[in-house]
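Visitor: Could you walk me through this one? I'd like to take it step by step.

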Amino acid sequence: MDHIVTLDSRQEAALQAIADKFIAQHKGDPVKALKEMIVLNGHTFRTALTRSLLPAALDARRNDKWASCT
């Protein structure tokens, strides 16, 4: 784990309320809710990677490739 976050009691209560609502949206099935969260996080990660990191990495790779050819 890269970063540990400590929550105060107010933040913990707010997080618990959001978690309860998310599970309720999945008909009370916490496993189904967890699977959905994993899918959403994966999609968010891929989107962020594609929009920000990947194009910059490809540009850097192209620049290195052309620099070695000249």
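Visitor: What classes of residue make up the lining of the largest pocket?

Guide: In this predicted model, the lining of the largest pocket has 9 nonpolar residues, with no polar and no charged ones. They are L15, I18, A19, F22, I23, P30, A33, L34 and M37.

Visitor: And how much space lies in that largest pocket?

Guide: The largest pocket holds about 170 Å³ of space.

Visitor: OK, so which helix gives the largest share of the lining?

Guide: That is helix 1, from which 5 residues of the lining come, although helix 1 (9-25) and helix 2 (30-69) each supply at least two residues.

Visitor: Switching to the surface: which residues form a nonpolar patch there?

Guide: The patch is formed by V5, L7 and L15, which together have about 260 Å² of accessible area. L15 also appears among the residues that line the largest pocket.

Visitor: Where is V5 placed, then?

Guide: V5 sits in the segment before helix 1.

Visitor: Why does V5 count as exposed?

Guide: V5 counts as exposed because its relative accessibility is 58%, and the term is used for values over 50%.

Visitor: New topic: what about E36, where is that found?

Guide: E36 is found in helix 2, and it is described as partly exposed because its relative accessible area is 31%, which falls between the cut-offs of 20% and 50%.

Visitor: How many residues apart along the chain are E36 and H26?

Guide: E36 and H26 are 10 residues apart along the chain, and in space their C-alpha atoms are separated by 8.9 Å.

Note on methods:
Residues numbered from 1 in each chain as written. Predicted model: local features only at pLDDT ≥ 70, side-chain atom pairs only at ≥ 80, totals over all residues. Heavy atoms only, no water. 1 Å grid on protein atoms, 1.4 Å probe; cavity = no way out; pocket = protein on both sides within 12 Å on 5 of 7 lines; lining within 4 Å. Points joined across faces, edges and corners; volume = space filled by probe spheres on them. Helix = DSSP H or I, 4+ residues; strand = E, 2+ residues; numbered from the N terminus. Nonpolar A, V, L, I, M, F, W, Y, C, P; charged D, E, K, R; others polar. Patch = residues over 30% accessible without salt bridge, like charges linked within 9 Å, V, L, I, M, F, W, Y side chains within 5 Å. Areas by Shrake-Rupley, 256 points an atom, 1.4 Å probe, with all protein chains shown as cover. Salt bridge = Lys/Arg side-chain N within 4 Å of Asp/Glu carboxyl O. Buried < 20%, exposed > 50% of the residue type's maximum accessible area, 1.4 Å probe, protein only.
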